[in-house]
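Visitor: Hi, I'm new to this one. Could you walk me through it?
Guide: Sure, let's bring it up and go from there.

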Amino acid sequence: MSGVVVLHEPGDLAGGAQWVDAFERAGVPGPVRAPDLPGHGSAPAPTGGCYELLDGAMAAAVVGAGDAPALVVGVGASGWSAEVLALGGRAAALVLVDGLGGPWLDARQRLDAGRRWLRDIADDPAAVATPPPGAPDPRAGHGVVDHGSRRLAERAAAVMAVPVLLLETPGSGLARADVDDLATCFATGAEVAHLPDRSPASVAAAVAAWAVRA
C-alpha cells in the first residue's frame, strides 16, 4: 500500500492541507496526499467554472501517477471519485466518509437538484463575480450535485475488490438502516462505523485504527 490519498469534500474551500496534517498526526503509515480539488485551496478553478463529480478522481490520478495503489479516502460527494479509483485498480483499500451518495433521487429529482444548484450559484453575488487571483473560487463553495442513485451504489459495491470502511456521521444523506443494508452489497464486505462528525481529526483517527486491522 502506497500511503494514503484523501479526496476532500467538494465545497470545502480549505482544500486538502488540513487532511494531510490530521492524518500525519494520527500516525497513518506512509505518505499522505490530499490534492486540492479544482477551485479549492490553492488549485485554480476549471475553465468556465465547470465543476464535475469526478474532479476528485482526476486530481488524485495526477498526484498519484505511477505510484502503487494507496488507501483512498473519499469524503462526502468525493466518495464516488474514491470508488472510481478503487474500481480502476488505484486503491489498495477504500474508506467512504458519508460517501455512498444519497439521498436517492429519481431522474426528475436529479434534474430539479441540478436546477437548484445553478439557482443557488446565480443568487450568490460572490459566485458570479470574478474571484480574486490566487483565492479559492466562491462557486466551488456550492459543492457538486451527487449522483443520488441507489442502483449505481449497489452496482459499484458488487464489484469492489478491496477492503472497505464506511464512516457515517450525522451529516450523512442516508438513514443508518440503508447504510447497513448497502454494506452487505460490497463484494469484500464492508465495515461500518459511526462518528460524531466528519472533521479531519475524527476521520483520521478512525482510519488509522482500521488500517492496522485491514
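Visitor: Which strands does helix H8 lie across?
Guide: Helix H8, residues 200-213, lies across E3, E4, E5 and E6. It runs at about 155° to E5. Angles here go from 0 to 180 degrees between N-to-C directions, with axes fitted as lines to C-alpha atoms, for helices over the stretch in contact. Helices (H or I, at least four residues) and strands (E, at least two) are DSSP runs, numbered from the N terminus.

Visitor: Anything I should know before trusting the details?
Guide: This is a predicted model, with residues numbered from 1 along each chain as its sequence is written. Local features need pLDDT of at least 70, side-chain atom pairs count only at pLDDT 80 or more, totals for chains, interfaces and linings use all residues, and side-chain values use heavy atoms, with hydrogens and water left out.

Visitor: OK, the sheet then. In what order do the strands sit?
Guide: The order is E2-E1-E3-E4-E5-E6, in an open sheet of 6 strands with parallel pairing. Two strands pair if DSSP finds at least two bridges between them.

Visitor: Which strands stand at the edges?
Guide: Strand E2 (32-33) and strand E6 (190-194) do. Each has a single partner strand, so one side of each is left without a neighbour in the sheet.

Visitor: And E4 with E5, how many bridges do they pair over?
Guide: E4 (residues 91-97) and E5 (residues 164-168) pair over 4 bridges, in the parallel sense. Leu96 stands opposite Leu166 in E5.

Visitor: Which strands does helix H3 touch?
Guide: H3, residues 79-87, packs on the sheet and touches strand E1 (4-7), strand E3 (70-75) and E4. Its direction makes about 165° with that of E4.

Visitor: Let's zoom in on E5. Is Leu167 buried or exposed?
Guide: Leu167, which lies in strand E5, is buried, with a relative accessible area of 0%. Buried means under 20% relative accessible area, exposed over 50%, and partly exposed in between (1.4 Å probe, protein chains only).

Visitor: What does Leu167 touch?
Guide: Leaving out residues up to four places away in sequence, Leu167 touches several residues, including Val95, Leu96, Ala193, Val203 and Val207. Touching, or contact, means heavy atoms within 4.5 Å.

Visitor: New topic: where is Asp137 found?
Guide: Asp137 is in the loop between helix H5 (125-128) and helix H6 (150-158). It counts as buried, at 2% relative accessibility.

Visitor: What does the side chain of Asp137 make a polar contact with?
Guide: The side chain of Tyr51, at 2.6 Å. A polar contact is a pair of N or O atoms within 3.5 Å; within protein, one must be able to donate a hydrogen and the other to accept it, and residues adjacent in sequence count only if both atoms are side-chain atoms.

Visitor: You mentioned H6. At what angle do H6 and helix H7 cross?
Guide: Their axes cross at roughly 35° and come within 10 Å, with H7 being residues 176-183. Arg150, Ala153 and Glu154 in H6 meet Asp178, Asp181 and Leu182 in H7.

Visitor: Last one: is Ala187 buried or exposed?
Guide: Ala187 counts as exposed, at 53% relative accessibility. It lies in the loop between H7 and E6. Setting aside neighbours within four places in sequence, Ala187 is in contact with Ala157, Ala158 and Met160.
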